[in-house]
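Dear colleague,

Please find the structure below, followed by a summary of what was found in it.

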Amino acid sequence: MNVKVLGAANEVGRSGFLVDCNGTNLLLDYGVLFGRRGTPPQYPVHVKPKDLDAIIITHAHLDHSGNVPSLFVSGNTDVYATPPTFDLSKLLIEDMLKIEKNSHPFDIPELNNMMKNAKEIGFKEKITKGNATFELRESGHVIGGSTVLVESEKKRLFYTGDIKTNGSRMLREMDLDIGEIDLLITESTYAMTEQRPRKETERELIEFANEVMDRKGTLFIPSFSVERSQEIACILKSANFKHKIIMDGMALKVNEIMFRHPDYLRDPKVFSEAIKSAVSIREHNERKHAMEEPCVVISPAGMLVGGNAVYYLQQLSFDDKNGIALVSYQGEGTPGRKLLETGKVSSRGKDIHVTAEVKQFDFSGHADRNELFDMIKQIKGNPKVCTVHGDTESCELFAKEINEKFGLETIAPKVNDVISV
């Protein structure tokens, strides 16, 4: 079994791994890496669609799914993923194409062609292709999100994609009952970071929300539309939060998709109650009216790049009774990072100081350092370990530490490297 690294090597983005099982070729993920503003997106190393026996998408986030349509410009290959992954991938890729017109080597026809070739599979459903079998397991990272187990000629590969070993309020924990493996490809995003316990973070967010309500303000929570927005709504509902909760933007479409797939949720009842008790905003004229009383507004974009977030920022930033809770990762060069570091937002071409109270809360959907080491501790066998999907420091140091702690052979591969077992 040979694995060619096509992307996500010493970087977070454009995941892609080509697994050659003695002539049967499986492609695990094929994502996009978004450049800084003004720079073009990057993609994994090109593969020929005709050489592929199957494409497997671990989950819908664009750094894992976003470039799959490029394989359908002229080709047709079976694509495998869970039902929620297909629904969300289609939504997110359509949105990407709308926002970044003509930036990608494909468009809606190729996306539609990808969906025509979609083969929906559930967790633990074994699929045979040529010399290989593969199955998906729960990852705890995003609804329908999975890890991949590939088996060929008595060799077994486990690819984590993105994982949250403990799951979340929305999702069950990761499934690690996978038997002995020969090769582990693991994400390293937060391999150098220890996150605060989730319960503490939840409690602090609820306290902040209540403080803002007590002073008759509005709390704006810019949030990723997939998972994070819904998780925040569930946290507030579970805490018996008494005030109005508004949901806006693409999160509403994601809500509909999640309602279609209750089996993939930890507790569908909690989810349903939280979403049904929130107020959905679909028209611009509803927005202002909705904020006439103290309330919480949950709306994308999580990093304040575009979306309805811009409107809410302009409305709420310059009144000290309001609050802004940043619950998503704030990438370099984004308005969210700028707000955190300088306390300013751009308004009508000027940088203006924000008087609303700004706080950051860590609700990462990725496993942190402790969870990643705990996962490796539970892995059976004596696998080679590849550390990917992290910056150079995270991938290299994580590989070194795994080798020191567990005595396993490790590598922080570069793009185009081939790993054999």
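How many bridges join β9 to strand β10 (residues 155–159)? Five bridges join them, and the two strands run antiparallel; strands are DSSP runs of E of at least two residues, and helices runs of H or I of at least four, numbered from the N terminus. Two strands count as paired if DSSP finds at least two bridges between them.

This is a predicted model, in which local features need pLDDT of at least 70 and side-chain atom pairs count only at pLDDT 80 or more, while totals for chains, interfaces and linings use all residues. Residues are numbered from 1 along each chain as its sequence is written, and side-chain values use heavy atoms, with hydrogens and water left out.

Within the β9–β10 pair, Glu-151 stands opposite Arg-156. The two strands form a hairpin with two residues between them, and Glu-153 in the turn has a positive phi of about 50°. Strand β8 (residues 132–138) is joined to β9 by seven bridges, again antiparallel, with Arg-137 partnered by Thr-147. Six of the seven residues of β9 (residues 146–152) are buried, so this strand is largely enclosed by the rest of the structure. Buried means under 20% relative accessible area, exposed over 50% and partly exposed in between (1.4 Å probe, protein chains only).

Turning to helix α4 (residues 198–214), its buried residues include Leu-205, Ile-206 and Phe-208. The buried residues of α4 cover an arc of only 160° around the axis, which puts them on the same side of the helix; the arc is taken from the directions from the helix axis to the C-beta atoms. On the other side, Lys-199 and Asp-214 are exposed. Just after α4, Lys-216 takes a positive phi of about 65°.

Yours sincerely
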